[in-house]
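Open the model in your viewer and keep the selection box handy. Each stop says what to select, then what is there.

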Amino acid sequence: MHPTRRGRVLVAGGGVTGLALGIALRHRGFAAVVLERSAGPDPGGGGLVLAPNAVKALSAIAPGLAGRVRAAGQTAGGRGAPPHRSAFLDERGRLLGSVSFDGYEDRYGMPAVTILRAGLHALLWEAAADAGVELAGGRAAARYLDHGSHVELVTDAGEVLRGDLLVGADGVNSAVRARLLGDGEPRYRGFTAVRGIGPAPAAHPDGFIAYGRGLVLFAAALGGGELYWVASMTAPRGVWPRRPVAEALAHVIDRTSSWHPDLRKVPASADPAGCVVHDVFDRPPPRTWSRGRVVLAGDAAHPMVYTLGQGAGMALEDAAVLAAALTGTCTAMPDASDGAGVGGTDGATPDLTDGAGVERALRRYAAERGPRVRRIVRQSRLLGRVGHVRSPLLVAIRRAILIATTRGDGAGEQSADVFGWTPPEEAPR
């Protein structure tokens, strides 16, 4: 870890984005304060598939972090790993195609890792504490004041924190974004997700994606014979999150009652106490990611439909790229305006006292992240629309598309575009 303090960064939100960014900043010599509404690691949520680009981002955030996540999760596509194949199915259990993670580490530099969200959050919380991040649990951002030379963040309890930079990483309903951009609420995408954990069917131990009319059931292996699953179904906004989880689960079980037994028993065997329910939203990523000493990251900047499995991946990439931009040592992101780094071009150790330098660094970060994130958000939204069609004609068209596009190894140009992301290079720290 760099021994100097380059400035004090306030991070609103202690989810995956905020904790990862706090770790990255501390390992580059910044002081970092992460505000999180909960008092400690969040035990809730379902699972995540961290694709190779997400695992590469972890390796760039801090030494050893990717290894810790790989050890805590279920790795697929690693060197020497057993074969992996996840099936695409219709509701009757008929095979439409499949995707394999085999060879991912050789092809993309890292494997994929399946892990519970709670497990990843606990691991990042511990790593942040180990790195010296100040974890301000039980507090949330309410508003901020950018004074030009510094920024003040006011918590929901009225406490005022002072820093050189504020990062809004406070999720899909970000208070920082509301004040920074004032661009309204996120957009509901027409379906609700029910998430749970349960035993993997013997026929599909590596997981599957099954498509019905207006309902998609996704499952990924966690290891030890378990999988995490997501059942997403078309529904009016707010209906199921307002009701008890058991009712939403019962509705999923009813809607899959005519499905193949291997599929319908996945939600049917779930314990409602271990399930969560939420509506699915996204936003068009903003053209403006920052103003002055305030910037957005993760879901605060670009919430997305989960169908491409890249929400956490984009958040981790944000953390790696923003930290690199702020150090001024990034060699892969020239400034669109004048090429100068945050600390100039003479290689001097940068800090956050130079307001113009900070703004250049934030522009570089947004220029690097904007085009990629906009593309991923659009692709995720399209997959959500295709997956939840209801009319027989559209279902038949979807079936034909799946058969045509999911036969073979499942490593096409789109996978390479998403998984082949490379972290920005940095000078030795």
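**Whole chain.** Show the cartoon of this predicted model. The protein chain carries 12 helices and 19 strands. Its radius of gyration is 22 Å, close to the 22 Å that the globule rule gives for 429 residues, so the chain is as compact as a globular protein of that length. Align the view to the principal axes. The C-alpha atoms then fill a box of roughly 65 × 45 × 35 Å. Colour by relative accessibility next. Buried residues account for 53% of the 429 residues. Now turn to the contacts between residues at least 6 apart in sequence: 75% of them join residues at least 24 apart.

**Largest nonpolar core.** In soluble globular proteins, nonpolar side chains tend to be buried together. Here, the largest nonpolar core holds 93 residues, and Leu50 and Ile61 have the most contacts inside it. Select residues 311-327 to see helix α9, which gives the most to this core, with 10 residues. A separate core of 26 residues lies apart from it; Leu89, Tyr188, Met233 and Val277 are among its members.

**Leu50.** Select leucine 50 and expand to its contacts, skipping residues up to four places away in sequence. Which residues does leucine 50 touch? Val55, Leu58 and Val69 are among them. So are Pro111, Ala112, Val113, Ile115 and Leu120. Ala312 and Leu316 complete the list.

**Helix α2.** Select residues 52-61. This helix is mostly covered, with 9 of its 10 residues buried. Pick out the buried ones: Pro52, Asn53, Ala54, Val55, Lys56, Ala57, Leu58, Ala60 and Ile61. Val55 and Leu58 also appear among the contacts of leucine 50.

**Trp125.** Go to helix α5, residues 117-131, and select tryptophan 125. Is it buried or exposed? Tryptophan 125 has 13% relative accessibility, under the 20% cut-off, so it counts as buried. Show its contacts beyond four places in sequence: Leu19, Glu36, Ser38, Ala39, Gly40, Pro41 and Leu135. Then draw a distance to valine 230. These two residues are 105 apart in sequence and 25 Å apart in space, C-alpha to C-alpha.

**Gly274.** Select the loop between α8 (261-268) and β17 (276-282); glycine 274 is found there. Its relative accessibility is 42%, so glycine 274 counts as partly exposed. Leaving out residues up to four places away in sequence, glycine 274 touches Arg195 and Gly196. Add glycine 198 to the selection. Its C-alpha atom is separated by 9.4 Å from that of glycine 274, with their positions 76 residues apart along the chain.

**Second largest pocket.** Switch on a surface and find the second largest pocket, with about 160 Å³ of space. Select its lining in two steps. Start with Asp90, Glu91, Arg94, Leu96, Tyr211 and Arg213. Add Pro392, Val395, Ala396, Arg398, Arg399 and Leu402. Which helix gives the largest share of this lining? Helix α11, residues 392-405, supplies 6 residues. Colour the lining by class: 6 residues are nonpolar, 6 are charged and none is polar.

**Ile397.** Stay on helix α11 and select isoleucine 397, which lies in it. With a relative accessible area of 41%, isoleucine 397 is partly exposed. For a last distance, pick valine 386. The C-alpha atoms of isoleucine 397 and valine 386 are separated by 9.5 Å, and the two residues are 11 apart along the chain.

Technical notes
Residues numbered from 1 in each chain as written. Predicted model: local features only at pLDDT ≥ 70, side-chain atom pairs only at ≥ 80, totals over all residues. Heavy atoms only, no water. 1 Å grid on protein atoms, 1.4 Å probe; cavity = no way out; pocket = protein on both sides within 12 Å on 5 of 7 lines; lining within 4 Å. Points joined across faces, edges and corners; volume = space filled by probe spheres on them. Helix = DSSP H or I, 4+ residues; strand = E, 2+ residues; numbered from the N terminus. Nonpolar A, V, L, I, M, F, W, Y, C, P; charged D, E, K, R; others polar. Core = buried A, V, L, I, M, F, W, Y, C linked by side-chain atoms within 4.5 Å. Buried < 20%, exposed > 50% of the residue type's maximum accessible area, 1.4 Å probe, protein only. Contact = heavy atoms within 4.5 Å. Rg over C-alpha atoms; globule rule 2.2 N^0.38 Å.
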